[in-house]
Amino acid sequence: MERARPLPSRRRLLKGAALTVVPYALLPEARAGADTHAVDHPLAEWQPATSANRTSANRPTSHPIDLVIIHVTQTSYRKTLGVFRSPGKQVSAHYVVRSRDGNIAQCVREADIAWHAGNWDYNTRSIGIEHEGWVDRPAYFTDVLYEQSARLTADICAKYAIPRDRAHIIAHYEVPGSDHTDPGPHWDWERYMRLVERAGQ
Ligand SMILES: [Zn+2]
């Protein structure tokens, strides 16, 4: 975590207290507020999508969040971030996970609505996670990509009390009205759900 820590004295105070385990989200500097560099997942780096490709909201107050939607990018990690930054592309996701090292980019705040499901109702209810790769190139689905994504999904499920099951962690192709096939037949759901379960314990 390379972000500046503006309140070292409070950090020391917290560390020195008997309660040594402080949830990241409770630390004052982790609050979103006006800080555009705030991320919702401690391992993510902030790579914002343009505001032209998302809808500002105040979830989960404005819209309950009860789904995680799994995608595959069909292009590179770098190009995906470029698309999300380009006004007029009309697409974004909350997170993008890189194939080679599992690096996680956060592009849209979880409180806001990303445009990834191709279905407005599902957009309002979900967190979208893109994975670098192609549906017909399973080599992109690396161990570290599965592991980092599963940690992220487990974190989201814990935060919003989303059940860690396939009714709530779904594929893009399972969204009603979707004409997309991602994450495709090579995405190992059994393995992924096992990792999500393990990470959530
Ligand atoms: Zn998709």
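Are α4 and α5 parallel or oblique to each other? They are oblique, and this briefing shows where that answer comes from. The model is predicted. Its protein chain has 5 helices and 8 strands, and α4 takes centre stage below.

**The chain as a whole**

- Reading along the sequence, you meet helices and strands in the order α-β-β-β-α-β-β-β-α-β-α-β-α.
- The protein chain has 201 residues, and 35% of them count as buried.
- Take the contacts in the protein chain with a separation of 6 or more: 71% of them come from residues 24 or more positions apart.
- One pair that is far apart in sequence is serine 76 and glutamate 132, which are separated by 56 residues along the chain but by 5.9 Å in space, C-alpha to C-alpha.
- Serine 76 sits in the loop between β3 and α2, and it is partly exposed because 15 other C-beta atoms lie within 10 Å.

**Meet helix α4**

- Helix α4 runs over residues 143-160, which makes 18 residues.
- From its first C-alpha to its last, α4 reaches 26 Å, close to the 26 Å expected at 1.5 Å a residue.
- Many names appear on the list of buried residues in α4, including Leu145, Tyr146, Ala150, Leu152, Ile156 and Cys157.
- Polar and charged residues are on that list too, among them Gln148, Arg151 and Asp155.
- A handy rule for looking at any helix: an α-helix has 3.6 residues a turn, so residues three or four places apart point the same way.
- The cover over the buried residues of α4 includes the strands β3 (67-72), β4 (95-97), β5 (104-106), β7 (126-131) and β8 (169-171), together with the helix α5 (189-199).
- Just after α4 comes alanine 161, which has a positive phi near 55 degrees.

**How α4 meets α5**

- Two packed helices are described by the angle between their axes and the distance between the axes.
- For α4 and α5, the angle is about 55 degrees and the axes are 8 Å apart.
- An angle from 35 to 65 degrees counts as oblique, so α4 and α5 are oblique to each other.
- The crossing of α4 past α5 is right-handed.
- On the α4 side, the contact is made by Tyr146, Glu147, Ala150, Arg151, Thr153 and Ala154.
- On the α5 side, the partners are Arg191, Tyr192, Leu195, Val196 and Ala199.
- Sorted by type, the residues of this contact are 7 nonpolar, 1 polar and 3 charged.

**Backbone surprises**

- Most residues other than glycine have a negative phi, and most peptide bonds are trans.
- The peptide bond from arginine 59 to proline 60 is cis, with omega near 5 degrees, and proline 60 lies in the loop between β2 (54-55) and β3.
- A cis bond also leads from aspartate 182 to proline 183, with omega near 10 degrees; look for proline 183 in the loop between β8 and α5.
- Glutamine 74 is not a glycine, yet its phi is positive, near 65 degrees.
- You can find glutamine 74 in the loop between β3 and α2 (77-85), and it counts as partly exposed because it has 18 C-beta neighbours inside 10 Å.
- Glutamine 90 is not a glycine either, and its phi is positive at about 60 degrees.
- The loop between α2 and β4 holds glutamine 90, which counts as exposed because it has 11 C-beta neighbours inside 10 Å.

Methods. Residues are numbered from 1 along each chain as its sequence is written. This is a predicted model: local features need pLDDT of at least 70, side-chain atom pairs count only at pLDDT 80 or more; totals for chains, interfaces and linings use all residues. Helices (H or I, at least four residues) and strands (E, at least two) are DSSP runs, numbered from the N terminus. The expected span of a helix is 1.5 Å times one less than its number of residues. A residue is buried if 20 or more other C-beta atoms lie within 10 Å of its own, exposed if 12 or fewer, and partly exposed in between; C-beta atoms are placed from the backbone. Two residues are in contact if their C-beta atoms, placed from the backbone, lie within 7 Å. Axes are lines fitted to C-alpha atoms, for helices over the stretch in contact, and angles run from 0 to 180 degrees between N-to-C directions. Angles under 35 degrees count as roughly parallel, over 145 as roughly antiparallel, 65 to 115 as roughly perpendicular and the rest as oblique. A crossing is left-handed if the near helix is turned anticlockwise from the far one by less than a right angle, and right-handed if clockwise.
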